[in-house]
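Hi! Here is the structure I promised to pass on. Have a look at it first, and then read my notes below.

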Amino acid sequence: MAKQVLAYIIFRMNKPLENSQLNLADLGSVTWETFRVINASRRAVRHFDGMPISDEVVLAVLAEAQLAPSSKNLQPYCFHWIKDARVHEAIAATCRNQRAAKSASTLIVVSANSAYGLRTLNGWEAHVEQTDTLDDKSKAYHRQELNLCRRFDRISRLWLWEPLMVLISWLYPMLDLLPVGPSRTRHWVARNSLYAAQTLLLAAAASGLDSCPMEGFSARQVARLLKLPRGSAVPLVIALGRRMPNARIEPRWRVPLEQVVVVH
Ligand SMILES: Cc1cc2nc3c(=O)[nH]c(=O)nc-3n(C[C@H](O)[C@H](O)[C@H](O)COP(=O)(O)O)c2cc1C
């Protein structure tokens, strides 16, 4: 029975899962155990065999990563899939030639930019207007939300926010994360992209790939190499591949759960 359920999940994973009728509660503990295995198997691997990964597998992993949540569904990020060997070498050099980057089969650079958020808004607006999968009430709601987002974007991109926010966040440090002004908006798009990055790491693990998220790189050099648009943030470079049998992976350690979970 468990095998059949797993086979069904795998079958569904190769289909678009949006609007899926699959009710995970019906599958009992199987999905939970599957998730735990995937989550446990995801480790930061720093020594890969460098063997090629099929485009199909990489694309499938990226497609899963794109299902990650983002604020207002704005998806303000791009995955730069580094397939060219020379670009790979150059990006690895910007990662201080870390072995994870050099030995990876491929690299994914995660970039974020408020311009990508605007791209999403335009695409979503066009979709709302032409789709027949949304009723009039939903369309009216989304038009209102779109207007709100555009208005917020126009106001938040003003440079005036920069000095204002220094003062405001000095008085009220909790407000420091508000996405107003160019630099805080950049932080916000970067934060949003990291949900997709983490989903990518789990999707890679689920597909039998190893990964290493890296922030030890020169964002300036990466941006120049990939000709990223002005205002981009580069939160993460991800090494993908399969671990060498002798890859050094230390036993996992985490802060005791009771220090992390605060019950109120
Ligand atoms: C934001 C971020 C940046 C990281 N940067 C690097 C890095 O530059 N080089 C590296 O070898 N590992 C890097 N790591 C991997 C962490 O060291 C690793 O996730 C952590 O030690 C826990 O190990 P685990 O992922 O195997 O559970 C990074 C992880 C994160 C989330």
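Let's start with one pair of residues: Tyr-77 has Ala-112, in β2, as its bridge partner. Keep in mind that this is a predicted model. That pair belongs to a bigger picture, since β1 and β2 run antiparallel and are joined by 6 bridges. In general, strands of a sheet pair through backbone hydrogen bonds, either parallel or antiparallel.

Now zoom out to the sheet. It is open and has 4 strands, in the order β1-β2-β4-β3, with antiparallel pairing. β1 and β3 sit at the edges, each pairing on one side only. On average, neighbouring strands are turned by 20° against each other, if you ignore direction. A helix, α9, packs on this sheet and touches β1, β2, β3 and β4. The direction of α9 makes about 10° with that of β4.

Next, the inside. The largest nonpolar core has 42 residues, and Leu-107, Leu-200 and Ile-238 are among those with the most contacts inside it. Which element gives the largest share of this core? That's α9, with 10 residues. Ile-238 is a nice one to click on: leaving aside neighbours within four places in sequence, its contacts include Leu-107, Val-110, Ala-197, Leu-200 and Pro-213.

Finally, the ligand. The residues around it include Arg-43, Arg-46, Gln-98, Cys-212, Glu-215 and Arg-252. The shell divides into 6 nonpolar, 2 polar and 4 charged residues. β3 gives the largest share of that shell, 3 residues.

Have fun exploring!

Conventions
Residues are numbered from 1 along each chain as its sequence is written. This is a predicted model: local features need pLDDT of at least 70, side-chain atom pairs count only at pLDDT 80 or more; totals for chains, interfaces and linings use all residues. A nonpolar core is a set of buried Ala, Val, Leu, Ile, Met, Phe, Trp, Tyr and Cys residues joined through C-beta atoms within 7 Å. A residue is buried if 20 or more other C-beta atoms lie within 10 Å of its own, exposed if 12 or fewer, and partly exposed in between; C-beta atoms are placed from the backbone. Helices (H or I, at least four residues) and strands (E, at least two) are DSSP runs, numbered from the N terminus. Two residues are in contact if their C-beta atoms, placed from the backbone, lie within 7 Å. A residue is near a molecule or strand if its C-beta atom, placed from the backbone, lies within 6 Å of it. Ala, Val, Leu, Ile, Met, Phe, Trp, Tyr, Cys and Pro count as nonpolar, Asp, Glu, Lys and Arg as charged, and the others, Gly among them, as polar. Two strands pair if DSSP finds at least two bridges between them. Axes are lines fitted to C-alpha atoms, for helices over the stretch in contact, and angles run from 0 to 180 degrees between N-to-C directions.
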